[in-house]
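This briefing concerns strand pairing and side-chain burial, and it is meant to be read with the sequence and the coordinates at hand.

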Amino acid sequence: MKGPGEYGGTGRAGTTTLEGGDPERSATVLTVRTEQDLLAIRHAVRDATLRVGFSIVDQTRVVTAASELARNAYVHGGGGTIRIEYPTRPGAVGLRLTVVDAGPGIADIDAALTDGYTTGAGLGHGLGGAQRLMDEFEIRTREGGGTTVTATRWADR
């Protein structure tokens, strides 16, 4: 298990590295409960993109998507976790982000993915923008039962 604050946070972000497989590409789970945790997540995801070997453009895409998803979990879901994994397929490695919160859920996923739709003070580009930045994107939600977003980007693009 890695210590809190490993990625530049305040020591509040819980970081757990899961055992098994290539130690450089083990799954990592971070908590998001504070603004400082959002910064720690950005750093951890940036490090993960480097491990995968993404171009600078793809690094920026993945870090931006992670930031949007983690912020949504923080603002709308009351906090949660982000899991960073390294899936493989023939000839490629990827980066998979799974963001889970226990918030109120998303009542209308199609509306939430539409640019300009917002339930807060934002511009309404976060969820749809994150979807466009990743190769694979799935939302599972239940009103009153939280939301799980799984997003993957492949290095073979």
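In this predicted model, strand S5 (residues 92-101) runs antiparallel to S7, and eight bridges hold the pair together. Strand S7 itself spans residues 147-154, and eight of its eight residues are buried.

**Strand S7 and its partners**

- Burial in S7 extends to both faces, with Thr147, Val149, Ala151 and Arg153 covered on one side and Thr148, Thr150, Thr152 and Trp154 covered on the other.
- Within the pairing of S5 with S7, which is antiparallel, Asp101 has Thr147 as its bridge partner.
- Strand S6 (residues 136-141) also pairs with S7 in the antiparallel sense, here over six bridges, and Arg140 stands opposite Thr148 of S7.
- The hairpin formed by S6 and S7 has five residues between its strands, and in this hairpin Gly144 adopts a positive phi near 80°.

**Strand S2 and its partner**

- In a regular strand the side chains alternate between the two faces of the sheet.
- Strand S2 (residues 28-32) shows such an alternation, since Thr28, Leu30 and Val32 point to one face and are buried, whereas Val29 and Thr31 point to the other face and are not buried.
- Strand S3 (residues 80-85) runs antiparallel to S2 and is joined to it by five bridges.
- Val29, one of the S2 residues that are not buried, has Arg83 of S3 as its bridge partner.

Notes: Residues numbered from 1 in each chain as written. Predicted model: local features only at pLDDT ≥ 70, side-chain atom pairs only at ≥ 80, totals over all residues. Heavy atoms only, no water. Buried < 20%, exposed > 50% of the residue type's maximum accessible area, 1.4 Å probe, protein only. Helix = DSSP H or I, 4+ residues; strand = E, 2+ residues; numbered from the N terminus. Pairing = 2+ DSSP bridges.
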